[in-house]
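Got the viewer open? Let's take a short walk through this model, one selection at a time.

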Amino acid sequence: MKKDNGKPVGVRVETTRQVLRAKGTLTIHGVSKSDVGEWDNDSTMAMKAVSSDSFKRSAVLWSLFRYAYDLEQKWCKYDNKTKKIVEPPILPDWALPVFPCVDCKKPITRVGQSSPYDIKIRTTNALGRPLCADCGKIAAAELESKKG
Ligand SMILES: [Zn+2]
């Protein structure tokens, strides 16, 4: 090996971007499964991202949230004043759970920006049971007519 001022030459040192790692553990009924999340430390939301990644990877070990890997990656703007995501992404229908309408037994489907889950919660709170949009309108009209 050649020497240059006492230092070896021909050795190239590359600096790599620092990567944060976090171990996430998801415990269900006393059984824990862990995985490591990684994120590029140069990102402004690195700590949040590495925590989320470790949680997602731990959940996948339980077969939870596995579909997340099939979702299109989308970055969203975050409003620091309101502490909310600006224009949050909408999950595709295939990624949403299916809830049956109690009255007609058909699956509750998305209406505009409202997911089936949103509609299930809204109709349960307002009408006492999870209903599809059509049955919800009928039940709401019946409720109004009873009020007089
Ligand atoms: Zn229905």
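**Stop one: the end of helix 2**

Start by selecting G128, the glycine that follows helix 2; its phi is positive, near 90°. Keep in mind that you're looking at a predicted model.

Now step back into helix 2 itself and select residues 116–127. How far apart are its end C-alpha atoms? They sit 16 Å apart, and that agrees with the 16 Å that twelve residues should span at 1.5 Å a residue.

Next, pick out P116, I119, K120 and T123, which are buried residues of helix 2. They lie on the same side of the helix, because the arc they cover around the axis is only 105°. That fits a general rule: an α-helix has 3.6 residues a turn, so residues three or four places apart point the same way. To see what the buried residues of helix 2 pack against, add helix 3 (133–147) to your selection.

**Stop two: the core**

I119 also belongs to the largest nonpolar core. Select the seven residues of that core together: F99, C101, I108, I119, L131, C132 and C135. In soluble globular proteins, nonpolar side chains tend to be buried together.

Stay with L131 for a moment. Which residues does L131 touch, once you leave out anything up to four places away in sequence? Highlight C101, V102, D103, T123, G136 and A139. In that list, C101 is a fellow core member, while T123 is one of the buried residues of helix 2.

**Stop three: two loops with unusual phi angles**

Most residues other than glycine have a negative phi. Here are two to check against that.

Go first to H29, in the loop between strand 3 (19–28) and strand 4 (31–40). H29 isn't a glycine, yet its phi is positive, about 50°. Is H29 buried or exposed? It counts as exposed, because H29 has 4 C-beta neighbours inside 10 Å.

Then jump to F65, in the loop between helix 1 (46–61) and strand 5 (77–79). F65 isn't a glycine either, and its phi is positive at about 65°. With 16 other C-beta atoms within 10 Å, F65 comes out as partly exposed.

**Last stop: zoom out**

Show the whole protein as a cartoon and you'll find three helices and six strands. Trace them from the N terminus and the order reads β-β-β-β-α-β-β-α-α. Colour by burial, and buried residues make up 14% of the 148 residues. As for contacts with a separation of 6 or more, 31% are between residues 24 or more positions apart.

Terms used. Residues numbered from 1 in each chain as written. Predicted model: local features only at pLDDT ≥ 70, side-chain atom pairs only at ≥ 80, totals over all residues. Core = buried A, V, L, I, M, F, W, Y, C linked by C-beta atoms within 7 Å. Buried ≥ 20, exposed ≤ 12 C-beta atoms within 10 Å, placed from the backbone. Contact = placed C-beta atoms within 7 Å. Helix = DSSP H or I, 4+ residues; strand = E, 2+ residues; numbered from the N terminus. Expected span 1.5 Å × (residues − 1). Arc of directions from axis to C-beta.
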